[in-house]
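Open the model in your viewer and keep the selection panel at hand. This tour goes stop by stop.

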Amino acid sequence: MQVSTRTISIIFFFIFSILLVWLFYTNYMNKDNEIRLIPNDLSLVTLGQNIYSENCASCHGVDLEGQENWQKRDDEGYLPAPPHDETGHTWHHPDEYLFLMTKYGIEKIIGKKYLNNMPAYKDILTDKEIIAVLSFIKSKWPNQIQEIHDNINVRSKLN
Ligand code: HEC
């Protein structure tokens, strides 16, 4: 009787452990999958193109060219909107950073007060829409830049 109770406890312990590992693994995998730009997904990129022209083009430019003198702060201390094409520095940042910045705004991400004109889109766009618009932006970069950006993503995941 005693032995069988022990056996049952051991079996339960193993089932419980496997469940925990599985939960941890799927949770981790989901997080990992959640934020990934897919510049070769045509329907996602088309959705992103529409979102871009409605929400981003007014500042970042119809052709992703940014505003004039985008590296110079104006008299009030604001930076103009940078280009999202390969001449800007959008591609220097990994997927997750671009996503969080678009969703929550720059201050939230750097964690301190910072004068800037980039709106936060958390109440305007869904997560999928943000991924779509950023995937559209990535799809406009030359292949070589897209490859460098893929590597930036891999490196950022290792940290
Ligand atoms: C009202 C103007 C405005 C609109 C609209 C706008 N942005 Fe911005 N955005 C800015 C400005 C200004 C900056 C630079 C802020 C700074 O660094 O001081 C910026 C910066 C960014 C950056 C960081 C780029 C980098 O290299 O660090 C990303 C990403 C970004 N915007 C994405 C978007 C997306 C996506 C949209 C549309 C959904 C959008 N922005 C709409 C003004 C705007």
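Before the first selection, one cut-off: a residue counts as exposed if 12 or fewer other C-beta atoms lie within 10 Å of its own, and as buried if there are 20 or more. Keep in mind that the model is predicted.

**Stop 1: the loop between H3 and H4**

Select Asn-69, in the loop between H3 and H4. Asn-69 has 10 other C-beta atoms within 10 Å, so it is exposed. Check its backbone: phi is positive, about 50 degrees, although Asn-69 is not a glycine. Most residues other than glycine have a negative phi.

Step to Glu-68, also placed in the loop between H3 and H4. Glu-68 is exposed, because 8 other C-beta atoms lie within 10 Å. Now add Asn-40 and draw a distance. Glu-68 and Asn-40 are 28 residues apart in sequence, and their C-alpha atoms are 30 Å apart in space.

Go next to Leu-64, placed in the loop between H3 and H4. Is Leu-64 buried or exposed? With 21 other C-beta atoms within 10 Å, Leu-64 is buried. Its phi is positive too, at about 65 degrees, and Leu-64 is not a glycine.

Finish this loop at Pro-94. Pro-94 has 20 other C-beta atoms within 10 Å and is therefore buried. Show its contacts: beyond neighbours within four places in sequence, Pro-94 meets Ile-152, Asn-153 and Ser-156. Then draw a line from Pro-94 to Gly-66. The two are 28 residues apart in sequence and 20 Å apart in space, C-alpha to C-alpha.

**Stop 2: helix H4**

Select residues 95-104, which form helix H4. Colour its buried residues: Asp-95, Leu-98, Phe-99, Met-101, Thr-102 and Lys-103. What covers them? The cover includes H5, H6 and H7. Just after H4, pick Gly-105, where phi is positive at about 90 degrees.

**Stop 3: Tyr-121**

Move to the loop between helix H5 (106-110) and H6, and select Tyr-121. Tyr-121 is buried, because 20 other C-beta atoms lie within 10 Å. Not counting residues up to four places away in sequence, Tyr-121 touches Thr-102, Lys-103 and Ile-130. Draw a distance to Tyr-104 as well. Tyr-121 and Tyr-104 are 17 residues apart in sequence, yet 6.5 Å apart in space, C-alpha to C-alpha.

**Stop 4: helix H6 and the core**

Select residues 127-139, helix H6. At 1.5 Å a residue, its 13 residues should span 18 Å, and the end C-alpha atoms are indeed 18 Å apart. Highlight the buried stretch: Ile-130, Ile-131, Ala-132, Val-133, Leu-134, Ser-135, Phe-136, Ile-137 and Lys-138. Which helices do the buried residues of H6 pack against? They pack against H2 (42-55), H4 (95-104) and H7 (143-158).

Now show the largest nonpolar core, with 18 residues. Ile-130, Ile-131, Ala-132, Val-133, Leu-134 and Phe-136 touch the most other members. H2, H4 and H6 each supply at least two residues of this core. The largest share, 7 residues, comes from H6. In soluble globular proteins, nonpolar side chains tend to be buried together.

Zoom in on Phe-136. Leaving aside neighbours within four places in sequence, Phe-136 is in contact with Val-45, Gly-48, Gln-49 and Tyr-52.

**Stop 5: helix H7**

Select residues 143-158, helix H7. H7 has 16 residues and reaches 23 Å from its first C-alpha to its last, close to the 22 Å expected at 1.5 Å a residue. How many residues of H7 are buried? The number is 1 of the 16, so H7 lies largely in the open.

**Stop 6: the ligand**

Select the ligand and show the 23 residues around it. Cys-56, Cys-59, Leu-79, Asn-116 and Met-118 come nearest. Helix H3 (57-60) and H4 each supply at least two residues of this shell. Colour the shell by type: 13 residues are nonpolar, 10 are polar and none is charged.

**Stop 7: the whole chain**

Zoom out and colour by domain. The domain assignment gives domain 1 (1-33) and domain 2 (35-158). The C-alpha centres of domain 1 and domain 2 lie 41 Å apart.

Conventions: Residues numbered from 1 in each chain as written. Predicted model: local features only at pLDDT ≥ 70, side-chain atom pairs only at ≥ 80, totals over all residues. Helix = DSSP H or I, 4+ residues; strand = E, 2+ residues; numbered from the N terminus. Expected span 1.5 Å × (residues − 1). Contact = placed C-beta atoms within 7 Å. Near = placed C-beta within 6 Å. Nonpolar A, V, L, I, M, F, W, Y, C, P; charged D, E, K, R; others polar. Core = buried A, V, L, I, M, F, W, Y, C linked by C-beta atoms within 7 Å. Domains from an automatic or database assignment.
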